[in-house]
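User: I want to check a few labels on this model. Please give the reasoning each time.
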Amino acid sequence: MNENSNEPKGELKLVRQQILARTQILQNLIPPTVSYQTQGHVLVIGPEDLARLAADKLQQMASCSILANEAITNQDEAHLQKVVEAAPDVESYYSHLLSIKGFLGQFQVVVDVDGGAAELSTLAIRKPHFDLILDLSQSPCLNLEMLPPGYFYVGQDQQKLADALAQIPDLVGEFEKPRYIKVNADVCAHNRNGIEACSRCLNFCPADAISSIEQKIEIDPYLCHGAGSCSNACPTGALSYDAPTPAALGQYLKKIISTFRAQTNVAPVVLFHDENLGAELVTDALAGDIIPVALEEITVASTEHWLSSLAWGARQVLILNTPATPPTLNQMLAGETLLVSRILEEIGQPQQRLNVISPHELAGIDSLLSVSRDWPVFSGAEFAPSSKRATIYAAIDHLNQQVANVDNTMLMNNIPYGKVNVNAESCTLCMSCVAICPTQALQDGGDLPALKFVEQDCVQCGLCANACPETVISLTAQVNFDAQARQQQQILHEEQPFECIECGEPFATKSMVEKMLGMVGSHSAFDANSERLKMCGDCRVKDMFADILDNPEKQLD
């Protein structure tokens, strides 16, 4: 199937418009939310002159307090006179700021008072917290890439100040926002049985909403902005986006891509953009073969959505990145797109099938599209979106089959794909690794002593290696393009069972018994009775009681 580049542009735009109008992302009818409650108590932080002039414009609020943390900005007499007359009932505090934490309706501000820590809200308004903060400091007092709801950092930007002063009076009452992320602790690889491993999500939250509490990953829904970077980085799917779910977004992408291709005989370009600044840049003037997809943040769509979009029939995936994207999200985006580009190159696909573009490049997008319009168009895949890893591998396998059909492996550091290696000579098949594996990539041999492994399920978390008492496990990060080898169950190590010397029942492995004999066989507790280590538990107890009956005096030892 080849793209018909002569399709009238107006007709393509009409088809796109119709498809987008009648296709919606399936959402939870009753989505989980969190509520903020505010009464309108505002704290203004900054140079006292600017803070007082701002407070004067917030007299309709329940209360307004000033924390003067910087020197007055202007000594002009007329300016100072205006400051003196502004907000006469608002009190200023000059204490040193120690910390700020919280969110809309729950800001706790701690200051230094006579060498001790005190809650400023208790001192200023006799309340346990402030509801809103307006920060006019040269640098934000709260050092986060994404500031919490209710915290307005404007510095000395007059336009930002005007916008904040217009918004703050409306933030009185009760407000709701979605709980963007769901946590499934059962498959989380962060910490199991007291052993630490994966921390990918902790590295990529620009709002500092993720923390490890009592060895479990927890997300503060009040701080979460829905950036999606944590679910994007999570290798097991323990953190999953919920507005929309990954599967719902996948179903939407598959439908719009396949429908567009069926109606136009043209392979479209999928353009992911955010719902704020990105949405302002994406207009109806966009070429008719580009399908825009709006997201809370561009990192809500991840590797699985990019690759599956290509597999379902998009000729190219573009990600519109704007200056509003926080550095942490840019860092994560760079790593994930590099991985996908390497995969595409390895399987004979043009790396340019995935591109992160700037607003400037969006303005000149025709030159970018002119190249992709000449690419051959392949058949769309039929698989439906399922789990994160299954979707990624289904897309890779389909794209691989269309061109190179390679069956090699691609080595790359710090990726959540790869294999487990076991030093069979030292492994005693204790199964500590099997017990701790969050994805069941490692399994036991059932009735026979064996360690089995499925590479497709391995997320390279390292729990197995950290839990191994013999330290015989190592990891190799790689993408295996041999689907059959990747999906089949491999035997990493197996042994014949050791049979009890009394009853003949298998109860351990030969290496395990030999290790026990070597470690404790000479211990006084087993002196002259080391043969008991070759017995199963039942026979060992029977032998001990028989020995006591035959030698009653041993009970007195």
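User: Why is Ala-334 called partly exposed?
Analyst: This is a predicted model. The relative accessible area of Ala-334 is 47%. Buried means under 20%, exposed over 50%. The value of 47% falls in between, so Ala-334 is partly exposed.

User: Which helix holds Ala-334?
Analyst: Ala-334 sits in helix H10. Helix H10 spans residues 327-346 and lies across E19 and E20. Its direction runs at about 150 degrees to E20.

User: What separation is there between Ala-334 and Ala-394?
Analyst: They are 60 residues apart along the chain, and their C-alpha atoms are separated by 23 Å.

User: What makes E19 and E20 a pair?
Analyst: Two strands pair if at least two bridges are found between them. Strand E19, residues 316-320, shares 4 bridges with E20, so the two count as paired. The sense is parallel. Ile-319, for instance, has Val-356 in E20 as its bridge partner.

User: What is the order of the strands in the sheet?
Analyst: The order is E18-E17-E19-E20, in an open sheet of 4 strands with parallel pairing.

User: Why are E18 and E20 called edge strands?
Analyst: Strand E18 (290-295) and strand E20 (354-357) each pair on one side only. The twist of the sheet averages 20 degrees from one strand to the next.

User: How do you know that helix H9 packs on the sheet?
Analyst: Contact means heavy atoms within 4.5 Å. Helix H9 (residues 303-311) touches strand E17 (269-274), E19 and E20, so it is said to pack on the sheet. The direction of H9 makes about 145 degrees with that of E19.

Definitions and conventions
Residues numbered from 1 in each chain as written. Predicted model: local features only at pLDDT ≥ 70, side-chain atom pairs only at ≥ 80, totals over all residues. Heavy atoms only, no water. Axes fitted to C-alpha atoms, helices over the stretch in contact; angles between N-to-C directions. Buried < 20%, exposed > 50% of the residue type's maximum accessible area, 1.4 Å probe, protein only.
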